[in-house]
Structure formats: structure tokens, C-alpha cells
2 protein chains.
Amino acid sequence: MHYPEPIAKLIESFMKLPGIGQKTAARLAFFCMDMEEDEVVKFANALISTKRDLHYCSVCGNITESDPCVICQDQSRDKTTVLVVENPRDIMSMEKIREFNGLYHVLHGVLSPMEGTGPEDLNIPGLIKRLQNEEMNEVIIATNATAEGEATAMYLSRLIKPAGIKVTRLAYGLAVGSDIEYADEMTLFRAIDGRREL
Amino acid sequence: MHYPEPIAKLIESFMKLPGIGQKTAARLAFFCMDMEEDEVVKFANALISTKRDLHYCSVCGNITESDPCVICQDQSRDKTTVLVVENPRDIMSMEKIREFNGLYHVLHGVLSPMEGTGPEDLNIPGLIKRLQNEEMNEVIIATNATAEGEATAMYLSRLIKPAGIKVTRLAYGLAVGSDIEYADEMTLFRAIDGRREL
């Protein structure tokens, strides 16, 4: 016996999403069956609309309905600084703190020899082009604090520095609210290494 | 700054699913944006079709396109035995082992005072009706081995036994392939209690 076709197809679709196995997919599909019909229709429309109406900004690589995106179009932003992130969700995290007023650039990934991602697979040519055309003073590299993120930061730094542009990296150290007792050794090492005078 | 509307709506829809928080919903939504368009369309159609074309079998409560469902219609199945489960996914698990050839009955939940689920919220009247109308010999209660599943089994047993129908419960004991060292105390207790002669 198999599941009826509609739900079998839905389970199959859910299984294509990252981190969702067969059991979870079945649970989600059954949940959808019990949702209100208008909620399900909204869900389906949002899927189609996300695929059809959104694309990546041709300047910075952020997701957008218009092109260039609202951030690239915003005349009030500081056009001398660009903050480089791995993916568009990181832009959202940065914008939440309302501290950074420059522009962004999305790499859409990180260098990863393990996964076969080289510089040519990332949005690096776009970044180099922006640095040539615009009056850039500083590139802030905000890739994740992982081995791949760090390697990508090093690679970009070596690529950009010779052009005389300042390249910076987000600070490493203790997370606010965290206990020293539970910090890992590398984090503690970086926290000591990057200590600042009070 | 907020996410563009289409993806914000998609994130909202994903967040309505069980066990999916904001971060995961955002990750899934971005993943959908990068999927092939025909995959996204398939996903959306499966959602709508699952909601519109599937319903619960009026006899046993299983999900089905036709009514009664294929299992209830199957003349080759043993109509004297009914196996009671919490949800339609449990039917799928049972069918996979190809051991049980009787009928099923889906409760669509378990008794749970904590969540305010009483007998009137479950598909129990339907079960009682089936037991009165049909030539039933045995009711196998296959609710989960949880406190709620156990309480529901007890409740059903007290309700059905007086009618002279045999009521059985799935065996408790060691899971096949498991280590005694790692078995919890209640499971070990039940394994000793339910020991069988070799």
C-alpha cells in the first residue's frame, strides 16, 4: 500500500528541502492536509510568487523584486564601504542591528574545496567590478566564522588589498552573554589576541 | 529593512508548520527560490491537491481519494479484526511489514487531558458503530507506547470489552537490535513481565 498520489507527491516535494527526511516530510504533509484551505492556497501562491517574482540584484546579489535592490538604490547610504556576506539572509541579520549604513555584496556561498566550490562559482567578479567602478574605501568581510568562511576572507583580502583598498574582517571573541567556562579554545585564543584597552 | 513580500509570505507559511521556527523557515524559503521552477510548481500543486482531493475515509478515518478507502473496499481483507491507530501514518508503517491483513481504524489523536483532548474529540463513536454493525472478533489497540497512548488503550479496552469483543494491545519489550544496557527501566520491566517460553 502506498500513500494516495496527492500526498505522496507532497511528501516528495518536502523531502527535496534541506534537512527534511521522509518521516518529517510525511508529518508536514499530513499537517498541511489539516490546515485551513485558504492557508494552503496562500502557501502555494507564496511558493510560486517567490520563484517567479524574486531575483538577485544585478549589483549586489541580494534578493529583490526591483533591480537594483532597494539598498543599492538608496541614495542615503554610504557608497564608500561594502560589506561582503555569504548569503542574502546575512544582510537581514546585519540590517536588524541598524548599525551599518554602507552597501552589501552577496557571494552566494564560500570557497569550499570539499564541495568543489572555487572562486569562479562565487559572485567575486561582480565584487571586483564594483571595486573598480566605485569610490570604495573599505571592504568589510563578513563571511561566517567557519574554516570555509575564514579561507574565503583570506582569499578576498589577498585579491583586494593590492588595489589599495582597506580590507577588514568582523571581530572574533566571546559572544555577548556567554560564559568563559563554556567558550571553546579557539574563541578564547582569539578573544585574548584581539583584546582592547579599556 | 524587511524581506521582499513574496519571500516574507513564504517564510510565514513555513513557520505555520510544526517544528519549523523563523530561521529554518527562512532557510527553506531561500532554498525554494533556488529550486527549478517546475519543481516549485509541482510543490505548489501538490499542496493544493492534497488539501482539495484528499479526505478521510468515512468508515476507518484513513486518508483517501475515494470513499470508502482502498483498504475498507478490499474484499480480500479479514473483516473480523480491526487495528486501532492514532493517525493515518501509522497505517502506512503497519502496511509496510505486510503482516496484518485486517481492517484499520484511525482515532486521529489520543486522550490527553494536558491538551484538552477528551473521548469526544477522537474518532471513537465511529469505532463503536463499526463494532456493533460488523462481525468483529478482535480489536488490536496500536496506539503509541506513550503515557497518552497507554491511557487511550485502557479507555478503549474498558469501553469495548463488556461487548464481548477480544481486545489486545501490541507487545512491549526490547526493540530488535537494541542493547539491554541502554534500555530504559520501564522497557526492561515490560520485557521481563511479557517474557515468553522458548
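**Salt bridges**

I counted the salt bridges of this predicted model and got 12 over all chains. I then asked how many salt bridges lie across the interface of chain A and chain B. The rule finds 4 there.

I looked up two pairs with one partner in each chain. In one of them, B:Lys16 forms a salt bridge with A:Glu39, and the closest N and O atoms are 2.9 Å apart. This pair crosses between chains: B:Lys16 sits in the loop between helix H1 (5–15) and helix H2 (22–34) of chain B, and A:Glu39 sits in helix H3 of chain A. In the other, B:Glu37 is paired with A:Arg52, with 2.5 Å between the closest N and O atoms. A salt bridge needs the nitrogen within 4 Å of the carboxyl oxygen, so the pair of B:Glu37 and A:Arg52, at 2.5 Å, counts.

**The interface of chain A and chain B**

Next I looked up the contact as a whole. I noted 56 residues from chain A and 56 residues from chain B. The area buried between the two chains is about 5400 Å². Carbon and sulfur atoms give 73% of that area. I also noted 12 residue pairs in polar contact across the interface, both residues being at pLDDT 80 or more.

Which elements of chain A each supply at least two residues of the side that touches chain B? I listed helix H1 (5–15), helix H2 (22–34), helix H3 (37–53), strand S1 (55–56), strand S2 (63–64) and helix H5 (88–96). The largest share, 15 residues, comes from H3(A). I sorted this side of chain A by class and wrote down 32 nonpolar, 8 polar and 16 charged residues.

**Domains of chain A**

I checked the domain assignment of chain A. It gives domain 1 as 5–53 and domain 2 as 76–169. How far apart do the C-alpha centres of domain 1 and domain 2 of chain A lie? I noted 34 Å.

**Aromatic pairs**

I searched the whole structure for aromatic pairs and found 7 over all chains. One of them is A:Tyr3 with A:Phe30, at 5.6 Å centre to centre and 65° between the planes. I entered this pair as edge-to-face, because its angle of 65° is over 60 degrees. A:Tyr3 lies in the segment before H1 of chain A and A:Phe30 in helix H2 of chain A, so the pair ties together parts that are 27 residues apart in sequence.

**Backbone entries**

I looked for cis peptide bonds and noted one in chain A, joining A:Asp67 and A:Pro68, with omega about 0°. A:Pro68 is in the loop between S2 and helix H4 (70–73) of chain A. In chain B, a cis peptide bond joins B:Asp67 and B:Pro68, with omega about -5°. B:Pro68 is in the loop between strand S2 (63–64) and helix H4 (70–73) of chain B.

My last entry is B:Arg98. Its phi is near 50°, which is a positive value in a residue other than glycine. I found B:Arg98 in the loop between helix H5 (88–96) and strand S4 (103–106) of chain B.

Methods. Residues are numbered from 1 along each chain as its sequence is written. Chains are lettered from A and ligands numbered from 1 in the order in which they are written. This is a predicted model: local features need pLDDT of at least 70, side-chain atom pairs count only at pLDDT 80 or more; totals for chains, interfaces and linings use all residues. Side-chain values use heavy atoms; hydrogens and water are left out. Contact means heavy atoms within 4.5 Å. Buried area is the accessible area (1.4 Å probe) that two parts lose on being put together, summed over both. A salt bridge is a side-chain nitrogen of Lys or Arg within 4 Å of a carboxyl oxygen of Asp or Glu. A polar contact is a pair of N or O atoms within 3.5 Å; within protein, one must be able to donate a hydrogen and the other to accept it, and residues adjacent in sequence count only if both atoms are side-chain atoms. Helices (H or I, at least four residues) and strands (E, at least two) are DSSP runs, numbered from the N terminus. Ala, Val, Leu, Ile, Met, Phe, Trp, Tyr, Cys and Pro count as nonpolar, Asp, Glu, Lys and Arg as charged, and the others, Gly among them, as polar. Domain bounds come from an automatic or database domain assignment. Rings of Phe, Tyr and Trp (its six-membered ring) pair if their centres lie within 6.5 Å; planes under 30 degrees apart count as stacked, over 60 as edge-to-face and the rest as tilted.
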